[in-house]
Amino acid sequence: MPHGNLDRPSMTDESENSEWSAALKDLELRSRIRWNESLKRFNTWRIGGPSRCLIDVETEEDLAKLLPFIKKNEFQWFLIGKGSNLLIHDRIWEGVVLHLAGDFKSWKPQKGSAGVSAGAALADVTFSQRCVSHGWSGMEFLIGIPGTIGGAVATNAGAHGGETSEFLKSIRWMDLEGILHQDSCDAFEFAYRFSKLDAKQGRIVVSAYFELHEKDPQQVKHALLECQRFRMEKQPYNQPSCGSVFKNPPNDYAARLIELSKLKGKIRGRAQISPKHANFIVNLGDASSDDILWLM
Ligand SMILES: Cc1cc2nc3c(=O)[nH]c(=O)nc-3n(C[C@H](O)[C@H](O)[C@H](O)COP(=O)(O)OP(=O)(O)OC[C@H]3O[C@@H](n4cnc5c(N)ncnc54)[C@H](O)[C@@H]3O)c2cc1C
């Protein structure tokens with residue numbers, strides 16, 4: 001999960017911390033910097049230790065300053081969307097977490113078409129709800145995915161037979177030098193829950209342009225409600241999890257194989273393989289990252 005130089009110890013004591021803090025001040029960021037913030041609130045498993053430094057990156061200008069700064073100093077770092085596909089360790093994270101916010105939540109419909117440019121930090125749920133009011137169909141499945149548009153592009157999120165890359169036309173992304181690029185989606189080898197546009201690979205999604213199908217808004221709403229109903233029926237939607245833990249192998253389902261192994265319902269510490277859906281591991285309350293790892 002983490003990116004950057006993992007061997008480099010960073011910010012391990014107060015003096016180093018303040019040195020870091022001074023260097024960040026020189027960047028004159030508009031973004032909010034938080035020190036020793038618990039990461040539990042930043043992921044859907046509600047697990048994880050504090051991060052020495054977490055930055056709510058508000059603007060593209062700030063991102064363009066931060067990425068080369070992190071690279072030059074060889075800091076450990078990772079980028080987080082809504083943390084709905086991440087397991088964060090309980091130990092303190094001695095690096096920096098970039099959390100896109102502010103301007104990255106943009107929504108810019110193109111006049112006279114079913115096209116929209118969405119910021120990387122916009123919630124998938126918000127995206128799908130706004131599509132309903134426009135009568136835009138195709139990505140109703142996002143209603144059940146509690147991540148961001150950046151995360152949906154990075155993981156090529158999908159459900160109910162659809163996936164993000166089907167509707168994605170072009171992407172604005174930034175490299176670790178802070179340089180902004182715009183490319184058609186063909187450049188990124190989208191596949192089942194995979195893309196080359198991941199922060200782990202040094203590419204940060206800034207915004208994405210989608211083209212959807214025009215339909216009667218009532219029909220779009222109906223499809224969206226169907227997706228929601230399916231989730232409530234089949235998944236432990238009211239317990240903290242990261243959704244499906246394992247990808248499905250070709251021509252089979254991970255949940256079926258886990259169930260076959262008689263592991264459904266298995267508990268370790270305060271974590272459990274969900275009795276409702278065997279590919280979900282749920283936090284029963286105060287689970288540790290080791291509880292989850294053990295079950296995995
Ligand atoms: C209840 C539940 C149901 C789920 N159902 C589904 C489902 O049906 N289908 C599905 O595909 N997934 C599902 N998921 C998993 C998850 O929601 C998706 O993978 C989602 O796309 C992750 O988005 P995120 O913003 O939370 O990313 P995060 O979990 O924060 O990050 C995931 C990865 O994406 C990278 N990333 C995030 N933002 C960017 C960015 N702007 N630029 C570059 N890289 C970025 C991160 O660095 C990290 O490597 C589910 C999760 C939960 C909790």
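Strand S3 (77–80), helix H4 (149–155), strand S8 (158–159) and strand S12 (204–211) each give two or more residues to the shell around the ligand. Helices (H or I, at least four residues) and strands (E, at least two) are DSSP runs, numbered from the N terminus. H4 is the top contributor to this shell, with five residues.

This is a predicted model, where local features need pLDDT of at least 70, side-chain atom pairs count only at pLDDT 80 or more, and totals for chains, interfaces and linings use all residues. Residues are numbered from 1 along each chain as its sequence is written, and side-chain values use heavy atoms, with hydrogens and water left out.

The ligand has 36 residues around it, each with a heavy atom within 4 Å. Gly 81, Ser 84, Asn 85, Thr 148 and Gly 158 come nearest. The shell holds 16 nonpolar, 14 polar and six charged residues. Here Ala, Val, Leu, Ile, Met, Phe, Trp, Tyr, Cys and Pro count as nonpolar, Asp, Glu, Lys and Arg as charged, and the others, Gly among them, as polar.

Polar contacts (pairs of N or O atoms within 3.5 Å) to ligand oxygen atoms include these:

| Residue | Protein atom | Distance to ligand oxygen |
|---|---|---|
| Gly 81 | polar backbone atom | 2.6 Å |
| Gly 83 | backbone N or O atom | 2.9 Å |
| Ser 84 | polar side-chain atom | 2.6 Å |

Alone, the ligand exposes 960 Å², and the protein buries 93% of that (Shrake-Rupley method, 1.4 Å probe).

An unreviewed UniProt entry annotates residues 46–215 as "domain: FAD-binding PCMH-type". Such annotations may be inferred rather than shown by experiment. Over residues 46–215, the chain is 19% helix and 33% strand. The end C-alpha atoms of that stretch are 38 Å apart.

Conventions. Polar contact = N/O pair within 3.5 Å; in protein donor to acceptor, adjacent residues only side chain to side chain.
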